[in-house]
Amino acid sequence: MTLLAEQLLNGLQLGVMLFLMAAGLTLVFGIMGLINLAHGSFFMIGAFAAAWVGDRTGSFLLAVPAGLAAAAAAGIAVEMGVIRHLYARSHMDQVLATFGLIMFFDELMAILFGRTPLLASVPAVLRGSVDIVPGVPYPVFRLTIIVVGVVAAAALWWLIGHTRLGMLVRAGATNREMVRALGVNIALLYTAVFGLGAMLAGLAGLLTGPILSVQVGMGDSILITTFVVIVVGGVGSVRGALAGAMLVGMVDTLTRAYLPTLLQGLMHASTADQLAGGLSSMAIFILMAVVLLVRPRGLFPAHG
Amino acid sequence: MVDTRRQAVVLLATLALLLALPTLATAMSMPYLVTLGSQVVIYAIAAASLDLLIGYAGLPSFGHAGFFGLGAYVVGIFAFHAADQSRFLGLVPGSTQAWIVWPAAIGVCAIASLAIGALSLRTAGVSFIMITLAFAQMLYFLFVSLKVYGGTDGMGFDSRNTLAGIDPGSDTQFYYVCVAALVLVVVVFRRLVRSRFGMVLEGLRQNERRMAAVGIASYRVRLVAFAIAGAGAGFAGALDANLLRYVSPDALHWTMSGDLLVMVVLGGVGSLYGAVYGAIAFVGLQSVLSQWTEHWMIVLGPILVAVVLVARRGLWGVLGGAGDGRQG
């Protein structure tokens, strides 16, 4: 029972991370109609910048804005340099060009920081653990991640639902041409949305850094999980991204935690471990297949 | 206007060059060129099968490495069970005979792509890209978790599959087998896209609603195309495992799907011939750049971006003067 509470929180934490990734990616698709493979690179850049600044200054309070700024700056630069020319192109061209960008950023990080993983340290205040319910300790840093993620999600909800920028974003997602016809500076809006998405990815990266290792290619595996989230939730829908992220986060965490024990009841221990290892790494893809069978457009389709 | 004579000349020259490669390699005392050539030819087969999807069926698949790697693993698993006299799942005995193993690889990949295609084709556009990517990654994780077959490290095996009259130890003879396979695949695919089936596929790419109105079951036609392309990639994968005498999950990794995509677009989408030039360019660039710097990807990445932004016709468009600028 105590383990379950802990695993549920772990699932929530992964879900929050995935939402930060998926929100930017799905907004960019919903508004600009662009598929961006290099979104994982912003995750990586955020993590690297924060780890490096944190290591140099010893201050987590400086590391956080550094990570956010680096990811947002990279996002804005990429949008103005490359992505801007891809909006009118086929998805295939977008995939290919952003695949090229991944190669560039992965290699750039390897040149700047080397191939050995960086250690991002947890700030002293957030070390240790607290009892979530009496007798169940849980690391403070992971709780912080959850809180930050929830705050970011709430801020995003406020931004989209209750500000002028958000109004333009929603209008853009519904009818791009109309927004342009009404005289909105669409180029500026696109750059802002893309930069915002990159910053959210950077936030996910810098928060994940201390839990996983900060290394080249760290954004690539989370990118593919994020795709699963988006497909499950419904492409282009932020609400869908939230639902998909939570579902994928929970399914991934819980199968990894409980499948070995469940299977051990049915078969030989070593076979069970191996099978459970394989099945739990495939669980989210199986989830995606089931969702596709029942609702081909995802749980919360964006339009209609 | 397509200049067919110019195309024929370019194609014949390319074929002559491919056939002469082992002789040239010996003359220049660069024997490794034969292995590199086999790699190019094998990638060209996989890229041609991907072009069938992108260029003709209008299906932007980003999971083609899944079938490429699966085909490679069929060869590896047959070799594994042949070596220790065991049976796969307690049923299928191992084999090192090409006429058993290669068709098996093609068949397994056709079935796998039917299953994955049946699910993926329920969506279109950008979801299709993400879903094919995700399913290929699922296959990747499957083989990573199969410790029997080497897990992350993959597994090697002693010798190539035996084919009547071919010395499995000879790199040159194997190279010619690959070239023959490439010619076969391209000819079959060219006939396919010009057949009634190909016309329907082309029609669906241009206007699905109109095809539905004349009574075409779009889902089924696309599924068949997806399975054929998967089988083609599986064949290439089987040859690749034979070339390297080694299989690993790397062959299924999503970057492999990306590489295949790069070859298709570099060579020119929607011609099938382009795949050959794309594979030559990709492997060539990779080996030249990696001799020059360890960080060759920092050069190749921007080249890709530039190719997408500037050169839209692809190599075949430039060489053959075709290039109808068709996009997937």
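**Helix α9(A), the chain contact and the fold of chain B**

Of the 16 residues of α9(A), 14 are buried, so this helix is largely enclosed by the rest of the structure; a residue counts as buried if 20 or more other C-beta atoms, placed from the backbone, lie within 10 Å of its own. Helices are DSSP runs of H or I with at least four residues, strands are runs of E with at least two, and both are numbered from the N terminus. The model is predicted, so that local features need pLDDT of at least 70 and side-chain atom pairs count only at pLDDT 80 or more, whereas totals for chains, interfaces and linings use all residues. Residues are numbered from 1 along each chain as its sequence is written, and chains are lettered from A in the order in which they are written.

The helix α9(A) covers residues 218–233, and its end C-alpha atoms are 23 Å apart, which agrees with the 22 Å expected at 1.5 Å a residue, the expected span being 1.5 Å times one less than the number of residues. Gly234(A), with a positive phi near 110°, follows α9(A).

Between the chains, 38 residues of chain A are in contact with 39 residues of chain B, contact being defined by C-beta atoms, placed from the backbone, that lie within 7 Å. On the side of chain A that touches chain B, α4 (91–113), α9 and α11 (269–294) each supply at least two residues, and the largest share, 16 residues, comes from α4(A).

Chain B itself has 13 helices and 4 strands, and buried residues make up 51% of its 328 residues. Along its principal axes, the C-alpha trace of chain B spans about 55 × 50 × 40 Å.

Notes:
Buried ≥ 20, exposed ≤ 12 C-beta atoms within 10 Å, placed from the backbone. Contact = placed C-beta atoms within 7 Å.
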